[in-house]
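Thank you all for making time this morning. I would like to walk through one structure with you, and I will try to say under which cut-offs each statement holds.

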Amino acid sequence: MFSCLHTFDEPHSEYLNSLSLSPDGILLVGCFHNLVKVWDLTTGNINHSFELHGDRYGHFNTLVNPDCKSIISNDRYGNLRTYDFWTGEEVFCFQGDSSALAFTPDGKVLFSATCKAPYGTNARIEINIIESSTCSEESSKASSST
């Protein structure tokens with residue numbers, strides 16, 4: 001049986017797309033369209049917030065990397081974007097159409113899943129396994145060569 005321990009009543013004009021918990025269980029990250037809010041669960045107050053960029057229609061499936069240095073979010077254009085957890089600065093962006101995201105506990109591997117042909121007998125789910133350090137290195141090389 002579950003019982004509600006506490007309720008955060010946070011007024012906001014956009015809907016909440018996702019929630020993600022920091023590995024230490026202290027910070028709760030909520031993504032509202034293009035805004036990330038980080039609550040400190042020990043105080044119930046907002047620790048910090050920042051805007052996400054790159055998609056005017058909003059982000060979803062925002063996830064905290066277990067290293068607590070970055071978050072990753074997917075946008076509706078099929079991009080995965082990584083932001084610095086504390087400043088909100090975009091670190092890198094790469095193509096990675098996704099409807100669900102998960103990290104391994106050490107944060108070194110990212111799982112990105114999308115549903116191809118979601119209905120009928122030809123339904124197929126594609127799960128990509130991505131080494132997170134490789135993605136940031138490749139993206140940094142790509143952005144520095146352009």
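I will begin with the overall make-up, then take the two sheets, and then turn to a few single residues.

Please keep in mind that this is a predicted model, in which local features need pLDDT of at least 70 and side-chain atom pairs count only at pLDDT 80 or more, whereas totals for chains, interfaces and linings use all residues. Residues are numbered from 1 along each chain as its sequence is written, and side-chain values use heavy atoms, with hydrogens and water left out.

The secondary structure comes to 1 helix and 11 strands, where helices (H or I, at least four residues) and strands (E, at least two) are DSSP runs numbered from the N terminus. Read from the N terminus on, the elements run β-β-β-β-β-β-β-β-β-β-β-α. The protein has 146 residues, of which 41% count as buried; buried here means under 20% relative accessible area, exposed means over 50%, and partly exposed is in between, with a 1.4 Å probe and protein chains only. The accessible surface comes to about 8,800 Å², and 55% of this surface belongs to carbon and sulfur atoms; these areas come from the Shrake-Rupley method with a 1.4 Å probe, and for residues only the protein chains shown count as cover. Among the contacts in the protein with a separation of 6 or more, 30% are between residues 24 or more positions apart, a contact being heavy atoms within 4.5 Å.

Let me now take the sheet made of β1, β2, β3 and β4, an open sheet of 4 strands in that order, with antiparallel pairing; two strands are said to pair if DSSP finds at least two bridges between them. Its edge strands are β1 and β4 (46-51), each of which pairs on one side only. From one strand to the next the twist averages 15 degrees, with axes taken as lines fitted to C-alpha atoms (for helices over the stretch in contact) and angles running from 0 to 180 degrees between N-to-C directions. Strand β1 is joined to the antiparallel strand β2 (residues 27-32) by 5 bridges, and one of the residues involved, L16, has F32 in β2 as its bridge partner.

In the segment before β1 we find F8, which is partly exposed because its relative accessible area is 32%. Which residues does F8 contact, once its neighbours within four places in sequence are left aside? They are W39, L41 and G44, and the C-alpha atoms of F8 and G44 are separated by 7.3 Å although the two residues are 36 residues apart along the chain. F8 also joins L21 and L41 in a nonpolar surface patch of about 240 Å². For such patches, residues must have over 30% relative accessible area and no salt bridge, with like charges joined within 9 Å and nonpolar side chains (Val, Leu, Ile, Met, Phe, Trp, Tyr) joined within 5 Å.

The next sheet is also open, with 3 strands in the order β9-β10-β11 and antiparallel pairing. Here β9 (100-103) and β11 (124-131) are the edge strands, each pairing on one side only, and neighbouring strands are turned by 20 degrees against each other on average, direction ignored. Between β9 and the antiparallel strand β10 (residues 109-116) there are 4 bridges, and F103 stands opposite L110 in β10. These two strands, β9 and β10, form a hairpin with 5 residues between them, and in the turn G107 has a positive phi of about 75 degrees.

In a regular strand the side chains alternate between the two faces of the sheet. Along β9, L101 and F103 point to one face and are buried, while A100 and A102 point to the other and are not.

Within β10 I would pick out T114, which counts as buried because its relative accessible area is 7%. Beyond its neighbours within four places in sequence, T114 contacts D97, S98, S99, R124, I125 and E126. From T114 to D97 the C-alpha distance is 6.7 Å, with their positions 17 residues apart in sequence.

Finally, how many salt bridges are counted? The count comes to 1, a salt bridge being a side-chain nitrogen of Lys or Arg within 4 Å of a carboxyl oxygen of Asp or Glu. R81 forms a salt bridge with E90, with the closest N and O atoms 3.2 Å apart. R81 is buried because its relative accessible area is 10%, whereas E90 is partly exposed because its value is 32%.
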